[in-house]
Structure formats: C-alpha cells, structure tokens
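Trainee: Could you help me learn to read a protein model, one feature at a time?
Mentor: Gladly; let us look at it together.

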Amino acid sequence: MRVSEAMTRNVSIARPDQTIQEAARMMADIDAGILPVGDNDRLVGMITDRDIAVRAIAAGKGPDAHVADVMTRDVCYCFEDEDLDDVAHNLGEQQIRRIPVVNRDKRLVGILSLGDLAVMQQGPAGEALASISRPGGMHSQSGNA
C-alpha cells in the first residue's frame, strides 16, 4: 500500500507571514496541534502548538510574531508514492507522530498521521489509536468539545 492511500489530503496550511495568533486560531478550528507551513504549495516548515508556547510566548514574543519566526524549518517528509509500511517504520524509528507528504516535485499534497495509520490496522489497538487520534473529545482544546 502507498502513502497516498492512507494520508489525509485536506490539510490546513499556515503561511510564513501569518501571525502566530492566526496559526493558533487555525489549529483550534481544526482541533490539531500542528500545521504545515507553505509558501505557495511548497513546504517550508512546520509549526506546532508547542512552538507557539515555547519559541514564542515563553521567549516574550506576542501574538503578532510571524510564523516564520518560530516554525521548524528542517522538516522530515515523505513522498506520496512511498510504501506505507516503510514510512510507518521510519516514523517509529524517529518517534514522529505526523509527517507532511509531498509529490515528486516536492509540492505538499497531504499529511500522514498516526491516526491515518491506525485506521489501516485491524484489531483493538488500531481501533483505539484511531479513536484517540480523531478530532474532538473530552480533552479537546477547541471550543466545540
């Protein structure tokens, strides 16, 4: 099975020139703690809720700081045509929970998460992980919970 068969295609993308407040609002809207950062359709980084808390707020930056100032620029990614089992193994080795997916022109086409992988697994462990990874729930950070 290929990554493209399991990945999430509808991905919200932050821009480097957006404020961290805008990025945080986007994260809240989709109930996620991470956003790829794209310039046009090129992946240029990733920003997490932890980046906002630690690299921005804890460092004294306000809500008007730019995503580019706190995002991670050195990003691991995978290709949409890679073997899913190989990518899953690499995620485990590197302890990565989500990875951007690009095509061979290195244009962002999706994201692969543990939840996406869990949906592909059968049995109680896969079902539990898929349910835990689903947006919302008792400990959701969005206002919808």
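Mentor: Let us start with one pair: valine 102 has leucine 108 in β5 as its bridge partner. Please keep in mind that this is a predicted model, where local features need pLDDT of at least 70, side-chain atom pairs count only at pLDDT 80 or more, and totals for chains, interfaces and linings use all residues. Residues are numbered from 1 along each chain as its sequence is written, and side-chain values use heavy atoms, with hydrogens and water left out.

Trainee: In which sense do β4 and β5 pair, and over how many bridges?
Mentor: Two strands pair if DSSP finds at least two bridges between them. Here β4 and β5 are antiparallel, with 5 bridges. Their hairpin has 5 residues between the strands, and lysine 106 in this hairpin has a positive phi near 60°.

Trainee: What is the partner of valine 102 in β4 on the β3 side?
Mentor: Phenylalanine 79 stands opposite valine 102. Strand β4 covers residues 98-102, and 2 bridges join β3 to β4 in parallel. The open sheet therefore has 3 strands in the order β3-β4-β5, with mixed pairing.Trainee: Which strands stand at the edges of this sheet, and why is one side of each left without a neighbour?
Mentor: They are β3 (78-79) and β5 (108-113); each has a single partner strand, so one side of each has no neighbour in the sheet. As a general idea, side chains in a regular strand alternate between the two faces of the sheet.

Trainee: How many helices and strands are in the protein chain?
Mentor: Helices (H or I, at least four residues) and strands (E, at least two) are DSSP runs, numbered from the N terminus. The protein chain has 6 helices and 5 strands. From the N terminus on, these elements run α-β-β-α-α-β-α-β-β-α-α.

Trainee: How do β1 and β2 run, parallel or antiparallel?
Mentor: Strand β1 (residues 34-39) is joined to β2 by 6 bridges, and the two run antiparallel. One of the pairs is valine 37 with glycine 45 in β2. There are 2 residues between the strands of this hairpin, where asparagine 40 takes a positive phi near 60°.

Trainee: How many residues of β2 are buried?
Mentor: Buried means under 20% relative accessible area, exposed over 50%, and partly exposed in between (1.4 Å probe, protein chains only). In β2, 5 of the 7 residues are buried, so the strand is largely enclosed by the rest of the structure. β4 is mostly covered too, with 4 of its 5 residues buried. Over the 145 residues of the protein chain, 37% count as buried.

Trainee: Is aspartate 51 buried or exposed, and why?
Mentor: Aspartate 51 counts as buried because its relative accessibility is 8%. Its place is in helix α2 (residues 49-57). Contact means heavy atoms within 4.5 Å. Leaving aside neighbours within four places in sequence, aspartate 51 is in contact with Met46, Ala56, Val70, Met71 and Thr72.

Trainee: How much space lies in the second largest pocket?
Mentor: On a 1 Å grid over the protein atoms alone, a pocket is an open set of points where a 1.4 Å probe fits, with protein on both sides within 12 Å along at least five of seven lines; lining residues have an atom within 4 Å of a point. Grid points are joined across faces, edges and corners, and a volume is the space filled by probe spheres set on the points. The second largest pocket holds about 340 Å³. It is lined by 17 residues, and Ile34, Met46, Thr48, Ile96 and Arg98 are the closest to its centre. The elements giving two or more residues to this lining are β2 (42-48), α2 and β4.
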